[in-house]
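Trainee: I have this model open and would like to understand the reasoning behind its descriptions. Could you take me through it?
Mentor: Happily, let's look at it together.

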Amino acid sequence: MKAFAQLFLSLDETNKTNEKVKVLKDYFNTVPDTDKMHMLALFTGRRPKRQINSTLVRNWAIEASHIPAWLFEESYHVVGDLAETMALLMPQSNASSSKTLTEWIAEINALNDKTEEEKKEWLMESWAMLDNQERFVFNKLLTGSFRVGVSQNLVIKALADISGLEPAVLTHRVMGSWLPETYQFSQLMEEQDAAANISRPYPFFLAYPIQETSEKQKTPAEVGIALGDAADWQAEWKWDGIRAQMIKRGAEIFIWSRGEDLATEKFPELHPFLNGLPDGTVIDGEILSFQNGLPMPFNVLQTRIGRKNLSKKILEESPVAVIAYDCLEYKGEDIRYKTQAERREILEHLQAETQYPEIFRISALIGFETWEQLGSIREQSRAMIAEGIMLKRKSAAYQVGRKRGDWWKWKIDPLSVDAVMIYAQKGHGRRADLYTDYTFAVWDGDKLVPFAKAYSGLTDAEINKVDYFIKRNTIEKFGPVRTVKPELVFEIGFEGINKSTRHKSGIALRFPRILRWRHDKPKEEADTLESLKALLGE
Amino acid sequence: MAKKPLLEFTDRGIYCAQGKFYIDPWKPVDDAVITHAHADHAYWGHKHYLAHHLSREVLLYRLGEINLQTVEYGETVLKNGVSISLYPAGHVIGSAQIRVEYKGEVWVVSGDYKVENDGISTPFEPVKCHHFISECTFGMPVYQWKPQVQTFNEINSWWRNNIDNGLATVIVGYSLGKAQRILQNLDLFNGKVYTHGVIENTNEALRRNGVLLNPTERITQESSKEEVRKGIIIAPPSSVGTPWMRKFQPYSFGYCSGWMAIRGAKRRRAADRGFVLSDHADWDGLISAIDATGCECVYLTHGYTATFSRYLSEIGFNAREVHTLYGGEEEDTSPQPSSEEREPETYDKSSSEVSPLGGDLEGEGGIS
């Protein structure tokens with residue numbers, strides 16, 4: 001644990017990418033192989049199962065800290081991280097544990113069949129064995145909130161430097177479901193990949209936005225200058241659903257979401273078509289809800305994502321289908337090296353063979369001769385229930401991660417309203433102890449009705465100013481939430497708007513965010529609920 | 001008829017009606033008693049100032065020609081029958097708690113303070129009183145300082161490491177207090193200490209005041225960049241990210257502040273290294289200091305006032321938040337533009353805009 005705690009400390013002690021990579025390499029070069037795999041699992045979002053629920057951990061931490069529960073909560077709001085709060089509040093310790101990360105995780109996993117009493121005893125003893133920094137990472141292991149401020153790319157880069165393997169190869173090898181207990185470091189490092197698991201997905205290729213700030217739209221002429229001959233490009237609608245990779249191998253099927261969650265059971269409608277695919281096929285596509293052959297807005301799909309059990313009613317109300325974008329594996333061969341045009345042909349061939357064309361759809365190509373023409377087609381995106389247009393270079397291979405150059409998303413402008421901030425809450429992580437999470441309202445007669453929460457969009461300097469305002473203009477406090485004097489007006493952007501029975505305002509927004517602070521607008525000039533509802537288009 | 005309290009909170013500062021003087025007022029008044037020379041406690045524009053001897057030169061440097069009377073710790077000044085005396089606050093050199101007594105009733109205004117002996121400020125001394133007006137900048141239990149020797153060991157080994165790796169070393173702390181505390185604790189066997197002009201001006205003022213400081217060299221146009229890069233540079237928060245600092249690249253920059261105790265706060269400041277070093281009392285320090293006064297009532301002016309007063313009340317103190325005057329809890333936990341940024345070479349009188357005392361905006365406010 002000492003080495004793992006030191007890894008955290010060292011990563012915290014630098015902002016420079018090269019130094020972080022060096023720190024990661026030093027770690028890999030000093031710890032046993034099993035620790036390496038556990039670290040890799042943690043840094044790629046594979047945390048151990050939570051063996052003690054966080055309320056219990058919290059309660060026992062309060063006990064160990066000798067402070068009242070309310071003060072613990074207040075402290076948590078200041079620190080913005082539970083594991084760190086607990087570590088800071090416990091009495092100082094100079095103990096230190098020589099157990100390895102692997103041993104600690106094994107102990108945590110062994111709690112599975114223990115009684116609450118036994119768990120408590122183990123936890124209190126464990127805390128007593130660790131110093132403050134070790135406690136912090138130990139608490140992170142326990143509570144499972146493992147955001148470390150180091151991207152997977154950096155870890156991959158460190159491993160690539162050590163092994164001489166390509167980062168893209170390693171990215172692929174750490175995809176999918178594997179357990180640090182059984183996946184060996186030596187397998188990960190092999191020249192030839194022998195450990196391939198039939199469920200393993202490929203890394204997703206992600207598009208870069210054409211306009212990076214929503215304020216400035218690129219004209220078709222500018223797009224033309226940047227991307228060249230329109231004939232070199234394939235255009236499709238950009239659908240707003242769940243990006244997924246669907247695998248048929250060894251007579252089994254797997255559906256992976258972009259967040260690397262295995263979601264096979266969540267989409268039973270897709271099983272027949274997937275089972276019908278030839279063995280050794282991998283398809284990249286978007287899962288959407290459909291009705292009468294038309295895609296439905298994202299919020300319809302959203303209602304079934306969170307459900308544990310898919311009732312008959314949900315399956316009827318929100319049936320899904322796939323719009324396929326690409327084919328990554330065909331007849332057992334990784335065909336990502338082939339050109340977009342070649343892969344498209346294979347995809348079209350597969351789709352033509354399916355017995356389920358209503359479920360296995362294909363992303364239609366948009367015919368266009370010039371960028372101006374495509375620009376005007378793009379204007380119809382909202383009517384198509386699309387977010388804009390995707391551009392793919394016909395000669396490009398399917399790459400790893402978000403890369404500039406060959407895939408671009410050309411989204412339409414967000415919708416927007418001017419709204420008044422009325423509630424605020426403190427943020428987490430680097431925004432700890434700062435009011436950064438705001439609730440916005442629009443006018444309904446002479447009342448302000450909350451309709452959206454937004455967390456992002458302001459610069460650090462603006463956040464500081466808003467925070468300063470909030471601390472001096474609080475009307476009431478409800479736990480961590482403050483009611484703020486309605487005064488500040490912001491332009492809120494969003495991708496879509498839908499009716500909602502769960503919200504007081506009767507509407508729900510897709511991806512609300514702050515576009516800018518309207519210093520020029522008094523609160524009286526903010527928009528109304530009526531004008532928002534008009535955007536529902538009914 | 002309810003007796004008027006000896007000290008009251010007004011929109012100009014803490015006021016003693018009987019003695020007709022203010023303590024740390026932020027609007028111009030006739031008679032001001034100053035706890036210490038930080039800009040948010042020592043404003044420009046008063047007709048008469050009373051402070052500790054060791055604040056003299058810094059006050060004159062910062063505020064220009066002022067009518068200033070200075071006294072020793074423990075010395076008594078009488079104003080209309082009210083006796084005023086200063087006691088060490090341990091916050092920065094020359095910082096004082098103000099003890100006010102009239103007809104046997106004693107009030108103490110803490111200003112800013114810390115209980116650890118930093119080796120350079122006169123150490124904090126608890127003063128018995130009936131009413132104690134205290135800061136609580138770090139009045140949350142997550143703030144617990146390690147002994148400073150540990151932090152300075154970290155700083156010195158970081159400096160050595162930078163030398164080994166060919167990096168310049170820039171250490172950031174505000175110019176009155178933190179800068180000298182750092183200076184006196186650096187391992188001079190590592191190399192020479194260079195200072196930003198704002199910090200050297202304060203050093204010079206303190207030296208004029210008879211304070212013995214380790215040798216420093218002011219960085220000027222003529223300074224050899226190569227030589228400077230071999231030493232350590234002490235710089236104010238306002239210099240972070242400026243072209244002035246960038247010219248020493250490649251460097252590692254460390255930030256010294258109590259806020260560095262929290263990872264999020266450290267990440268926000270994007271420092272290479274955050275060193276937990278504060279001139280304010282930590283959680284235990286505040287409680288022990290308040291307890292030592294034996295006061296009947298404690299008033300909390302700035303910091304996490306709401307949380308801290310609630311906790312103090314629960315453990316048996318008569319604690320009050322001073323809402324109206326100082327703006328409420330967590331006043332200055334946010335990185336407001338620090339007064340350091342309002343600290344030009346010569347004091348800009350137009351910049352003394354009204355700001356609540358707001359605790360140590362100057363130091364711990366950090367970089368925005």
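Trainee: What makes a residue part of the contact between chain A and chain B?
Mentor: This is a predicted model, and two residues are in contact if their C-beta atoms lie within 7 Å. The contact takes 30 residues from chain A and 24 residues from chain B.

Trainee: Which element gives the most to the side of chain A that touches chain B?
Mentor: H19(A), with six residues. Helix H5 (69–79) and helix H6 (82–89) of chain A also give two or more residues to that side.

Trainee: How do the residues of that side of chain A divide?
Mentor: Into 11 nonpolar, eight polar and 11 charged. Asp, Glu, Lys and Arg count as charged, so each of those 11 charged residues is one of these four types.

Trainee: Where does the largest share of the side of domain 1 of chain B that touches domain 2 of chain B come from?
Mentor: From H1(B), with four residues. The contact takes 27 residues from domain 1 of chain B and 25 residues from domain 2 of chain B.

Trainee: Why is the set of 183 residues called a nonpolar core?
Mentor: The name fits because such a core is a set of buried residues of types such as Val, Ile and Phe, joined through C-beta atoms within 7 Å. Phe440(A), Val442(A) and Ile492(A) have the most contacts inside it, and strand S14 (residues 415–426) of chain A gives the largest share, seven residues.

Trainee: Which residues does Val442(A) contact?
Mentor: Beyond its neighbours within four places in sequence, its contacts include Val417(A), Ala419(A) and Phe451(A).

Technical notes. Residues numbered from 1 in each chain as written. Chains lettered and ligands numbered in written order. Predicted model: local features only at pLDDT ≥ 70, side-chain atom pairs only at ≥ 80, totals over all residues. Buried ≥ 20, exposed ≤ 12 C-beta atoms within 10 Å, placed from the backbone.
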